[in-house]
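Visitor: I am new to this structure. Could you show me how to read it, feature by feature?

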Amino acid sequence: MAQSKQQMELRDQSLDIEGDNEENREMMPPPLDDVMNLVVYLRDRTGIHFTLEDAPLTCSSSLLSLILQEQGLPPEAQDVFSLWLVSPILELRLKAHHNPFLVVQRWDQLCAKYTDCPNEDIHDSEPVLMMMRDVFFRKDQEMHIHNEQILCLLYHEAKYNVIEERYILHDEDYHYLAGIQGLIHLGSYDPQQHVLADYRANLVRFYPEHMYAQSRFPMFTKKDKPPQPPCEERFMDAHQKASEELQHIASKDSLTELYRKYLQVLWSYPFYGGAFFTGIVEAKVSRIRRFILPNPDLRVRVCINSDGLSLFNKRKPEYLMSVPYSQMSWQYQDLEWDGDSDPPPTLLVQFICDEKSEDVPEEQITKLLQIYSREALLMDALIETCVKKKLELLKKNPGIDFVDAGVMDSSERRILNKLEKLSLETYTKDGEQLDTV
């Protein structure tokens, strides 16, 4: 881990989900019917129905082209979106050559390999085919999109991630986004038409649950925080302010700029546009407890995009940390069963830390995070491909800074990593281990 993986020769690690080896050929399902009906879903809760001939021979890229043609989307959408297989326990991005129908036939095997779910949950987790944002589509590319249809699809996907608490934002941004949503779905604020009861009834459509749930139970709010008005009042206020500030945009027939206003807020966060995985890390405990009890497990959601890796607490809506690829190295580790224990696959992430060590005050230190997950191999493959694409971009544009590939907006939000929540090993740049925090 001492040598940065960015300096190593990178390989485009593909997942073997097509039965390329002899073992998988034996496990392949019987041939599918040549003609099949299928539905491809979008994040705006609509579905596109197809009847395909030669379905077993249809690859992901061909199916995506049919969808874009059916929706009347321009050619640039081919780079913006990709096909995903999505279930409650696993999400997989399909590569261009993957056959969606054959992958679905092996879904139970993939879930057994990449999740810890019991067989009954795997059996019930039938995937749906979805067209979603491609994780490799860069933020700077998205900033130059002006097609209303594409921005609409990106808006609905971003809204889903916000409301489902996959993106954790500052509270003021939740209200600002809800105000924009109000303009899009409710029209401009009208005190005769929009009453407080309507805002209260619509909270579930415009906010993640933790935003309006906490306002209903004030006795459970933190004492160090000043009391806030109920969420529906702040929602109404945000809608009114958005109507006043963006009236010149809302008055137009096109919703393009309102979609962009919504996305611009999320562009300022380092985790926008990522793929999500689940894992376990060790939470930090006091020194005394550390000698008595093992560190407690902390279930996390890992978000990986074209810029870096982010970590969220899965049990409650809490952002933990983000690290850009330029400041981290990583390694996939899958130890063999030693007769006593069978350790899960692990993604080791070592990253530069801003703080200084008391032992070596003049030197910058690094932290080592261990993410235990059946999806560690998927995470490793995605990181490798993202870094490879960044390095290729650097070769074509030598003047671009690797940290952000020239894509960071001037409004990039400053969000603080909560490393004090995590049990991390500490090292010097020379690889000498220091005290664990």
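Guide: We will go through sheets, a hairpin, crossing helices, buried residues and cysteines in turn. Keep in mind that this is a predicted model.

Visitor: Let us begin with a sheet. In what order do the five strands of the open sheet lie?

Guide: Read a sheet by its neighbours in space, not by strand number alone. Here the order is β2-β1-β5-β3-β4. The pairing is mixed.

Visitor: Which strands are the edge strands?

Guide: An edge strand pairs on one side only. In this sheet those are β2 (47-52) and β4 (91-93). Look at the twist as well. From one strand to the next it averages 30 degrees.

Visitor: How many bridges join strand β1 to β2?

Guide: Bridges tell you which strands pair and in what sense. Strand β1 (residues 36-41) and β2 are joined by six bridges and run antiparallel. To place the pair, find N37 and look across to β2: its bridge partner there is T51.

Visitor: And where do the side chains of a strand point?

Guide: In a regular strand they alternate between the two faces of the sheet.

Visitor: Now take me to strand β7. Which strands does it pair with?

Guide: Start with strand β6 (residues 275-282). Eight bridges link β6 to β7, and the two run antiparallel. As a landmark, F276 stands opposite C303 in β7. Then turn to strand β8 (residues 308-313). β7 and β8 also pair in the antiparallel sense, over five bridges. Here V302 has L311 in β8 as its bridge partner.

Visitor: How many residues does the hairpin from β7 to β8 pass through?

Guide: Three residues. Follow the chain out of β7, through the hairpin, and into β8.

Visitor: Why is β7 described as largely enclosed by the rest of the structure?

Guide: Count its buried residues. Strand β7 covers residues 297-304, and six of its eight residues are buried, so the rest of the structure largely encloses it.

Visitor: What about a single residue? Is K367 buried or exposed?

Guide: Check the relative accessibility. Buried means under 20%. K367 has 2%, so it counts as buried. K367 lies in strand β12 (residues 364-372). Its side chain makes a polar contact with the side chain of T426, at 3.0 Å.

Visitor: How does A197 compare with that cut-off?

Guide: A197 sits in helix α10 (residues 196-201). Its relative accessibility is 44%, so A197 counts as partly exposed. Sequence and space also tell separate stories. A197 and E233 are 36 residues apart in sequence, while their C-alpha atoms are 9.7 Å apart in space.

Visitor: How do I read two crossing helices?

Guide: Compare their axes. Those of helix α9 (residues 171-186) and helix α13 (residues 231-245) come within 7 Å and cross at roughly 65 degrees. That makes α9 roughly perpendicular to α13. The crossing of α9 past α13 is right-handed.

Visitor: Last topic: cysteines. How many disulfides does a search of the whole structure find?

Guide: Zero. Take C117, which is in no disulfide. Its nearest cysteine sulfur belongs to C111, 7.3 Å away. For a disulfide, the two sulfur atoms must be within 2.5 Å.

Visitor: Are C117 and C231 buried or partly exposed?

Guide: Use relative accessibility again. C117 has 24%, so it counts as partly exposed. C231 has 3%, so C231 counts as buried.

Technical notes
Residues are numbered from 1 along each chain as its sequence is written. This is a predicted model: local features need pLDDT of at least 70, side-chain atom pairs count only at pLDDT 80 or more; totals for chains, interfaces and linings use all residues. Side-chain values use heavy atoms; hydrogens and water are left out. Buried means under 20% relative accessible area, exposed over 50%, partly exposed in between (1.4 Å probe, protein chains only). Helices (H or I, at least four residues) and strands (E, at least two) are DSSP runs, numbered from the N terminus. A polar contact is a pair of N or O atoms within 3.5 Å; within protein, one must be able to donate a hydrogen and the other to accept it, and residues adjacent in sequence count only if both atoms are side-chain atoms. Two strands pair if DSSP finds at least two bridges between them. Axes are lines fitted to C-alpha atoms, for helices over the stretch in contact, and angles run from 0 to 180 degrees between N-to-C directions. Angles under 35 degrees count as roughly parallel, over 145 as roughly antiparallel, 65 to 115 as roughly perpendicular and the rest as oblique. A crossing is left-handed if the near helix is turned anticlockwise from the far one by less than a right angle, and right-handed if clockwise.
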